[in-house]
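Thank you for making time for this at the start of the meeting. I would like to go through one structure with you, and please keep the display open while I speak.

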Amino acid sequence: MIPNFFYSPAILGYDFGPQHPLRPERLRRTIQLLERYGLQWIDPGPGGPEDPLRVHDAEYVEAVQLLDPRISTRPVQRDFGFGRGDNPPFAGMYEASLAYTSATARAAEAVRDGAMLAFGLGGGLHHAHKNRASGFCIFDDPAVACHILRERFGKVAYIDIDVHHGDGVQWLFYNDPTVLTCSIHEDGRTLFPGTGSVDETGVEHSSLNVPMQAHTTGDVWLDAFERTILPALEHFGAEAIVLQMGTDAHLLDPLGHLRCTQQDWLGAVKRIQELGLPLVALGGGGYKLATVPRMWASAVLTLSSQGYDNELPLDLAQQWDMPTFSDPKESQPRGAGREHAEAVITWLTQHHLPGIG
């Protein structure tokens, strides 16, 4: 059984257009696949501005509404991040943004109210800032989830395994020592958003960044995750976790340059599950249709302790050219990026981890 899975078809309306890399089809296929394993999703309702207002300025939330061509043609004095090519305004964006934020908020409320696990797979949009859109992200739903969990838990950890640095969440909680933001990502010197260096440590060591060199293989990536983020959680004394499960660290993803396999990536998800802490699990990036549905579905089934065969249902496997959940081969050469990773681990171990908690 997959518990507390919040989803609305309205989330599929979050669509920047046919040429944009963030395609709603990746989520639609994931839902279709999970329904073969008994998924019965819960409609979170349309949501309202009270959800994003937990972390965003009122002026910004209103601007998202006014910039939606379906709602208004009134001019807005500032572009609030929508003037950039990666965040073009689209008809229905206000409703769709509220929809994915509502799913995440209801999942966080379920965990706040006693559930051990809940999902908001249509969310995980971690680049949005307090008063501007960024990196395909309009409302920062992971930050909303952290805010809600803090209503019950004294210490909340945010874990981000997307190939891009979780900058929006980090900056929203950078001065809040009750929320530990942890991100393992491709080094900002070679990938958007250009942030996430080891020395972005936050107030009282509230921010932990593990930047990986471009082309690092999954064995090195997972080892770095285990030797930095897991000790950080222990030092911090995390009582609940928000996990952002972007799949774009995969070696086939067109927007990143890391070389993780599904197995490597899922290893990090398993390590978080083994902690046994209350968990809100979200989606995130991932731009290859041949990888995202199988990776997200395997993570949901794993976190739900639901066994599954490695082979996908035959009709879907043939239709999507996606025969198995796992990748057939490890990324090669193994050990790529090791020297850089060891330097990052050493720096964090000596200068940052001892201060957490």
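I will begin with the helix packing, then turn to the cavities and pockets, and end with two points about the backbone.

Please bear in mind throughout that this is a predicted model.

Let me start with the helices. Two packed helices are described by the angle between their axes and the distance between the axes. In the first pair, helix H6, residues 218-236, packs with helix H7, residues 262-274, at an angle of about 15 degrees, and their axes are 9 Å apart. H6 is therefore roughly parallel to H7, since angles under 35 degrees count as such. The crossing in which H6 passes H7 is right-handed. On the H6 side the contact is made by Gly218, Asp219, Trp221, Leu222, Phe225, Glu226, Leu230 and Leu233, and on the H7 side by Asp264, Trp265, Gly267, Ala268, Arg271 and Ile272. Sorted by class, the residues in this contact of H6 with H7 are eight nonpolar, two polar and four charged.

H7 also has a partner in helix H8, residues 292-303, where the two axes come within 10 Å and cross at roughly 25 degrees. That angle makes H7 roughly parallel to H8, and H7 passes H8 in a right-handed crossing. Which residues make this contact? From H7 they are Gln262, Trp265, Leu266, Val269, Lys270 and Gln273, while H8 contributes Arg294, Met295, Trp296, Ser298, Ala299, Thr302 and Leu303. By class, the contact of H7 with H8 has seven nonpolar, four polar and two charged residues. You may wish to look at Trp265 on the display, which is listed for H7 in the contact with H6 and is listed again for H7 in the contact with H8.

A further pair is formed by helix H3, residues 93-112, and helix H4, residues 141-149, which pack at an angle of about 25 degrees with their axes 9 Å apart. H3 and H4 are therefore roughly parallel to each other, and their crossing is right-handed. The residues of H3 that make the contact are Tyr100, Thr101, Thr104, Ala105, Ala108, Glu109, Val111 and Arg112, and those of H4 are Asp141, Val144, Ala145, Ile148 and Leu149. In the contact of H3 with H4 there are eight nonpolar, two polar and three charged residues.

Let me move on to the enclosed spaces. How many cavities of 30 Å³ or more are there? The count comes to two. The largest cavity has a volume of about 150 Å³, and of the 15 residues that line the largest cavity, Ile11, Tyr14, Arg26, Leu27 and Gly122 are the closest to its centre. Its lining divides into 10 nonpolar, three polar and two charged residues.

The second largest cavity holds about 30 Å³ of space, and its lining is made up of Tyr158, His165, Gly166, Gln170, Thr181, Cys182, Ser183, Ser207, Leu208 and Asn209. The elements that give two or more residues to this lining are strand S3, 179-186, and strand S4, 207-212. By class, the lining of the second largest cavity has three nonpolar, seven polar and no charged residues.

Next come the open pockets. The largest pocket has a volume of about 180 Å³, and of the 19 residues that line the largest pocket, His127, Gly135, Phe136, His164 and Tyr287 are the closest to its centre. The lining of the largest pocket divides into eight nonpolar, eight polar and three charged residues.

In the second largest pocket there is about 150 Å³ of space, and of its 13 lining residues, Asp187, Arg189, Ser197, Val198 and Pro211 lie nearest its centre. Helix H10, residues 338-351, supplies the largest share of this lining, with three residues. The second largest pocket is lined by five nonpolar, five polar and three charged residues.

I will finish with the backbone. Where is the cis peptide bond that joins Phe192 and Pro193? Pro193 lies in the loop between S3 and S4, and the omega of this bond is about 5 degrees. The other point concerns Phe80, which has a positive phi of about 50 degrees although it is not a glycine. Phe80 lies in the loop between helix H2, 58-66, and H3.

Notes. Residues are numbered from 1 along each chain as its sequence is written. This is a predicted model: local features need pLDDT of at least 70, side-chain atom pairs count only at pLDDT 80 or more; totals for chains, interfaces and linings use all residues. Side-chain values use heavy atoms; hydrogens and water are left out. Axes are lines fitted to C-alpha atoms, for helices over the stretch in contact, and angles run from 0 to 180 degrees between N-to-C directions. Helices (H or I, at least four residues) and strands (E, at least two) are DSSP runs, numbered from the N terminus. Angles under 35 degrees count as roughly parallel, over 145 as roughly antiparallel, 65 to 115 as roughly perpendicular and the rest as oblique. A crossing is left-handed if the near helix is turned anticlockwise from the far one by less than a right angle, and right-handed if clockwise. Contact means heavy atoms within 4.5 Å. Ala, Val, Leu, Ile, Met, Phe, Trp, Tyr, Cys and Pro count as nonpolar, Asp, Glu, Lys and Arg as charged, and the others, Gly among them, as polar. On a 1 Å grid over the protein atoms alone, a cavity is a set of points where a 1.4 Å probe fits but cannot get out, and a pocket is an open set with protein on both sides within 12 Å along at least five of seven lines; lining residues have an atom within 4 Å of a point. Grid points are joined across faces, edges and corners, and a volume is the space filled by probe spheres set on the points.
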